[in-house]
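Welcome, and thanks for taking a look at this one. Below is a short briefing, grouped by topic, to read alongside the model.

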Amino acid sequence: MKKTGFICDEKYFWHDTGNGALFMPPGGYIETDVHSENPATKRRFKNLLEVSGLMDQLTQIKPRAATVDEIKFYHTENYINKVKELSDAGFGDAGELALVGKGSYEIALLSAGGAITAVEAVVNGDVDNAYALTRPPGHHAEADLGMGFCLFNNVAIAAKYARNVLGLERVLILDWDVHHGNGTESAFYEDPNVLFISLHQERNFPPGRGNVEDIGKGDGLGRTVNIPLPAGTGNAGYLHALEEIVGPIADQFKPELILISAGQDPGMFDPLARMMVTAEGFRQMTRFMLDLADKHCGGKLVACHEGGYSAAYVPFCSLAIVEELSGIRTDVEDPFAKALTELPTDELFDIQKDYVNKVKEVQSAYWNLAIKA
Ligand SMILES: [Zn+2]
């Protein structure tokens with residue numbers, strides 16, 4: 001059993017993205033529904049932690065707000081001011097599909113602060129590992145532009161905090177959100193000390209980002225590893241990519257801290273992607289990353305919530321992650337598992353191996369990676 005920190009704040013659920021339908025604003029011929037980035041998935045995850053009894057066994061840590069100086073570890077002053085102005089005014093878009101509601105600025109500071117709080121607790125040894133259920137998410141946010149529901153880049157800021165303030169040398173960020181973590185990639189594109197690895201559905205969002213050939217620049221060459229996977233990839237394809245690429249590279253990089261951008265939108269029922277990972281798959285991916293953390297950095301691992309838009313399934317996927325982090329199994333079963341037995345989520349296909357081999361070919365200039373037929 002591990003001591004697992006859980007970081008959340010009621011205010012996270014109050015970030016208001018307004019009405020919409022998926023990610024489209026109301027209007028035209030689209031009947032108004034709920035916006036994808038609404039509080040339901042995350043609140044229901046928190047509620048499942050409560051009713052399963054797992055919450056009582058976690059170390060709950062209240063997040064503090066990030067300071068503006070900490071947000072400036074990555075974001076420009078102009079952009080920070082813009083988010084504040086839109087938030088004070090009551091509504092607006094901080095870039096591309098990055099909606100700001102009344103008070104979202106303060107909540108985004110608290111969200112970035114949640115990631116920092118988690119990193120601090122783990123690095124200081126208050127807990128073994130931690131899950132930060134933060135909202136709004138962060139991994140699409142660029143230095144001067146909000147994007148894809150993200151305002152401030154929580155994980156990038158927390159990694160920079162680990163480097164700048166806590167004095168860590170090497171941080172590994174694994175982004176398994178189904179969309180490409182473009183903002184985090186940009187933050188460390190020329191930085192040799194932060195290794196950014198993204199697993200994502202190819203050609204999903206944002207357009208043109210996350211290509212295999214995007215490998216970093218200057219001193220950061222080989223410190224960005226993009227692993228695009230084809231639509232339909234399930235547990236076996238994701239684990240194959242972890243075993244064949246993430247494991248060997250991490251063994252050579254030797255991180256002092258592992259951060260996971262934990263978007264549960266590779267999940268089977270996600271409306272904004274086409275992957276087939278199950279709750280059991282998220283459990284196995286978490287186990288894999290914990291083993292790496294145990295091997296290299298005394299188990300120091302922080303998972304920070306990103307996307308995930310199935311209000312029915314995200315709670316079960318996320319619960320499995322926290323169960324694995326804490327080493328505590330509740331009696332909650334994935335209620336969907338029985339209905340999915342015919343789907344080939346645990347089958348590895350040649351096309352998925354080909355995608356992984358392509359990454360190995362490109363990255364083998366920087367890492368020792370055995371290419372298998
Ligand atoms: Zn996503």
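How many residues does helix H8 have, and what distance does it reach from its first C-alpha to its last? Helix H8 covers residues 279-297, which is 19 residues, and it reaches 26 Å between those end atoms, close to the 27 Å expected at 1.5 Å a residue. Please keep in mind that this is a predicted model. With that said, here is a tour that starts at H8 and moves on to the sheet, the helix pairs and some details of the backbone.

**Helix H8 and its surroundings**

- The buried residues of H8 are Ala279, Gly281, Phe282, Arg283, Met285, Thr286, Met289, Leu292, Ala293 and Cys297.
- These buried residues pack against three strands, namely E10 (171-175), E13 (257-262) and E14 (301-305), and against the helices H7 (235-253) and H9 (314-326).
- H8 lies across E10, E13 and E14, and runs at about 160 degrees to E13.
- Just after H8 comes Gly298, which has a positive phi, near 60 degrees.
- Leu292, one of the buried residues of H8, also takes part in a long-range pair: Asp251 and Leu292 are 41 residues apart in sequence, yet 7.9 Å apart in space, C-alpha to C-alpha.
- Asp251 is found in helix H7, and it counts as partly exposed because it has 14 C-beta neighbours inside 10 Å.

**The sheet**

- Eight strands form an open sheet in the order E4-E1-E8-E14-E13-E10-E11-E12, and the pairing is parallel.
- Its edge strands are E4 and E12 (224-229), each of which pairs on one side only.
- On average, neighbouring strands of this sheet are turned by 15 degrees against each other, direction ignored.
- Within the sheet, E13 and E14 pair in the parallel sense over five bridges, and Ile260 has Ala303 in E14 as its bridge partner.

**Strand E1 and its two partners**

- Strand E1 spans residues 4-7; Thr4 and Phe6 point one way from it, Gly5 and Ile7 point the other way, and all are buried.
- Towards strand E8 (residues 129-132), E1 makes four bridges, and the two strands run parallel.
- In this pairing, Thr4 stands opposite Asn129 in E8.
- Towards strand E4 (residues 59-61), E1 pairs in the parallel sense over three bridges.
- Here Ile7 stands opposite Ile61 in E4.

**Helix pairs**

- H7 and helix H10 (residues 350-363) pack at an angle of about 25 degrees, and their axes are 10 Å apart.
- H7 and H10 are therefore roughly parallel to each other, and their crossing is right-handed.
- From H7, the residues that make this contact are Gly237, His240, Ala241, Glu244 and Ile245, while H10 contributes Gln352, Lys353, Val356, Val359 and Lys360.
- Helix H3 (residues 77-89) and helix H4 (residues 104-123) pack with their axes 7 Å apart, at an angle of about 130 degrees.
- That angle makes H3 oblique to H4.
- Their contact involves Val83, Lys84 and Ser87 of H3, together with Ser104, Tyr105 and Ala108 of H4.

**Cis peptide bonds**

- Arg135 and Pro136 are joined by a cis peptide bond, with omega about 0 degrees; Pro136 lies in the loop between E8 and strand E9 (146-147).
- A cis peptide bond also runs from Phe205 to Pro206, with omega near -5 degrees; Pro206 is found in the loop between strand E11 (194-201) and E12.

**Positive phi outside glycine**

- Leu22 is a residue other than glycine with a positive phi, near 55 degrees.
- Leu22 sits in the loop between strand E2 (19-20) and strand E3 (33-34), and it counts as partly exposed because it has 13 C-beta neighbours inside 10 Å.
- Lys254 is not a glycine either, and it has a positive phi of about 55 degrees.
- The place of Lys254 is in the loop between H7 and E13, and with 13 other C-beta atoms within 10 Å, Lys254 is partly exposed.

Note on methods:
Residues numbered from 1 in each chain as written. Predicted model: local features only at pLDDT ≥ 70, side-chain atom pairs only at ≥ 80, totals over all residues. Expected span 1.5 Å × (residues − 1). Buried ≥ 20, exposed ≤ 12 C-beta atoms within 10 Å, placed from the backbone. Contact = placed C-beta atoms within 7 Å. Pairing = 2+ DSSP bridges. Axes fitted to C-alpha atoms, helices over the stretch in contact; angles between N-to-C directions. Parallel < 35°, antiparallel > 145°, perpendicular 65-115°, else oblique. Left-handed = near helix turned anticlockwise from the far one by under 90°.
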